Amino acid sequence: MELMVLLNALVTRLLFVLHSLIGVWRVTAVKKEPKYWLLALLNLLLCLETGLTLKFKQGRGYKWFSPAIFLYLICTVPSLWLLEIHHGTQYCGNEPGAVQVNISNQDFNQSGDSSHGSEGMDHHIIQTAKVFVNQLSTICETVWTLALHQTFLLLLVVGRWLLPIGVEITRDQLSQLLLMFVGTAADILEFASETLDIEDVRKNYALINAILAVWTWSMLQFPLDLAVQHIGCKPSASGKRIPSLLLCRYSAELWNIGVSLFIQDGPFFIVRSILMGHFRIFNQMLVFFTAKNILVVTLQLYRLAVITLDFRATILQKSRKGEVCCCPCEPYEARTHAISHHNTEMKEFVAFPPKEESQALSENH
């Protein structure tokens, strides 16, 4: 096993565990109940996945799916749910950041004076660390929740970058996937922060749960790599079944369209439409992003129609020429076998014409 592969696999999963533990710590501090530390046990699944991946895959990733990302979602999403549900009882001052900085600097100076006067540098470092941790605990809870949301999405992208890739995905495909994830993460963060910050939404417990459910559903696209990979198809399926051939040729494009319609922009549009239509909640940003979702959904449907019509035209053109419709993602040997089989059938047809044609030729002679 390569040293860099092992290091990347372990460091990335360690970052996932640390971030998940910070979320559990914030839930315990907000709820003031030690029982919520039991959420930390979910990280055992990530530890188990690490051992299995190192043993059976030598630290490298899997095809189409990332178990580490999926388990990171399982470890972190429950903590964010609890923090958002508890959000309604949290209170922040007008300028919490400035107050905390002033207090922090004052405490640091006091701890530094006392340490230089009585004890050594080691005691000063320990006291400074204690003051820093205490000040972190006093930061506004809403600021903590937003920061956890932001770092969660950043770690999903950075972690997917650091995780060792498998043999099935190239670095070019990985770079495309990461660029897609950056835009996706920005849209998801905007959806959660923009809708949950509305005062009327915070007063409705059912709305909060519905928004968080849609947010969780949209996060499930991160463990999947289908947006840049084509699925394999057999020659028999690609030569006889039109839907199989369409899926084989345009699997990545169809997956992106499906994600937009059913996982991201479609559900986001439904939630925002309900907020405006049923609950009569209107603001400038809500209207703008609703229009954006409508535009994206319309363009994706247009893209689907273009792909279907182009595929249909290609099939008709090849059928008129008598060519074999093979999937471009098939191995070269499979395409060669299909074409040679087709040529063999044509030769047999020429050498042994049908019975009606042979009889007609004999009568003419």
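A residue counts as buried when its relative accessible area is under 20%, and L148, at 4% relative accessibility, is therefore assigned to the buried class in this predicted model. L148 lies in helix 6, and its surroundings bring together parts of the chain that are remote in sequence, since L148 and G23 are 125 residues apart in sequence but 7.1 Å apart in space, C-alpha to C-alpha. When residues up to four places away in sequence are not counted, L148 touches H19, I22, G23 and R26, together with L80 and L83.

The largest nonpolar core of the model has 53 residues, and those with the most contacts inside this core are F152, L156, V201, W215, M219 and F222. Two or more residues are given to this core by each of helix 1 (3-31), helix 3 (67-85), helix 6 (141-162), helix 7 (171-196), helix 9 (205-219) and helix 13 (265-277). The largest share, nine residues, comes from helix 7. Because domain 1 (1-88 + 139-227) and domain 2 (229-321) both give residues to this core, the core lies between the two domains. The contacts of V201 were examined with its neighbours within four places in sequence left aside; on that basis, V201 is in contact with T195, L207, I208, I211, L275 and I281. Apart from the largest core lies another core, of nine residues, which includes L245, L261, V297 and I315.

The open and enclosed spaces of the model were considered next. The largest pocket holds about 390 Å³ of space. This pocket is lined by 20 residues, of which M180, T184, N256, V259 and Q300 are the closest to its centre. Helix 7, helix 12 (251-262) and helix 14 (284-321) are the elements that give two or more residues to the lining of the largest pocket; helix 7 is thus named both here and as the source of the largest share of the 53-residue core. As for enclosed space, the structure holds one cavity of 30 Å³ or more, and about 110 Å³ of space lies in the largest cavity. The lining of the largest cavity comprises 18 residues, with G61, Y62, S66, L163 and P164 lying nearest its centre, and the elements that give two or more residues to this lining are helix 2 and helix 3.

Helix 2 (residues 43-56) contains T53, and T50 is likewise found in helix 2. With a relative accessibility of 2%, T53 counts as buried, and T50, at 11% relative accessibility, also counts as buried, both values being under the 20% limit that defines this class. Residues up to four places away in sequence being excluded, T53 touches R13, Q58, G59, R60 and Y62. One of these partners, Y62, is also among the residues nearest the centre of the largest cavity. For T50, with neighbours within four places in sequence left aside, the contacts are with L10 and R13, so that R13 is a partner of both threonines.

Two residues in loops next to helix 2 were noted for their backbone conformation. K32, placed in the loop between helix 1 and helix 2, has a phi near 60 degrees, a positive value in a residue other than glycine. At 67% relative accessibility, K32 counts as exposed. Q58, which has its place in the loop between helix 2 and helix 3, also has a positive phi, of about 55 degrees, although Q58 is not a glycine. In the case of Q58 the relative accessibility is 42%, and this residue therefore counts as partly exposed. Q58 is, in addition, one of the residues touched by the buried T53.

Finally, the model was considered alongside the annotation of the sequence. An unreviewed UniProt entry lists residues 6-24, 36-52 and 64-83 under "transmembrane region". For residues 36-52, the end C-alpha atoms lie 28 Å apart, and the span is 59% helix and 0% strand. For residues 64-83, the end C-alpha atoms lie 32 Å apart, and this span is 85% helix and 0% strand.

Terms used
Residues are numbered from 1 along each chain as its sequence is written. This is a predicted model: local features need pLDDT of at least 70, side-chain atom pairs count only at pLDDT 80 or more; totals for chains, interfaces and linings use all residues. Side-chain values use heavy atoms; hydrogens and water are left out. A nonpolar core is a set of buried Ala, Val, Leu, Ile, Met, Phe, Trp, Tyr and Cys residues joined through side-chain atoms within 4.5 Å. Buried means under 20% relative accessible area, exposed over 50%, partly exposed in between (1.4 Å probe, protein chains only). Helices (H or I, at least four residues) and strands (E, at least two) are DSSP runs, numbered from the N terminus. Domain bounds come from an automatic or database domain assignment. Contact means heavy atoms within 4.5 Å. UniProt positions are given in the numbering used here, feature names are shortened, and annotations may be inferred rather than shown by experiment. On a 1 Å grid over the protein atoms alone, a cavity is a set of points where a 1.4 Å probe fits but cannot get out, and a pocket is an open set with protein on both sides within 12 Å along at least five of seven lines; lining residues have an atom within 4 Å of a point. Grid points are joined across faces, edges and corners, and a volume is the space filled by probe spheres set on the points.
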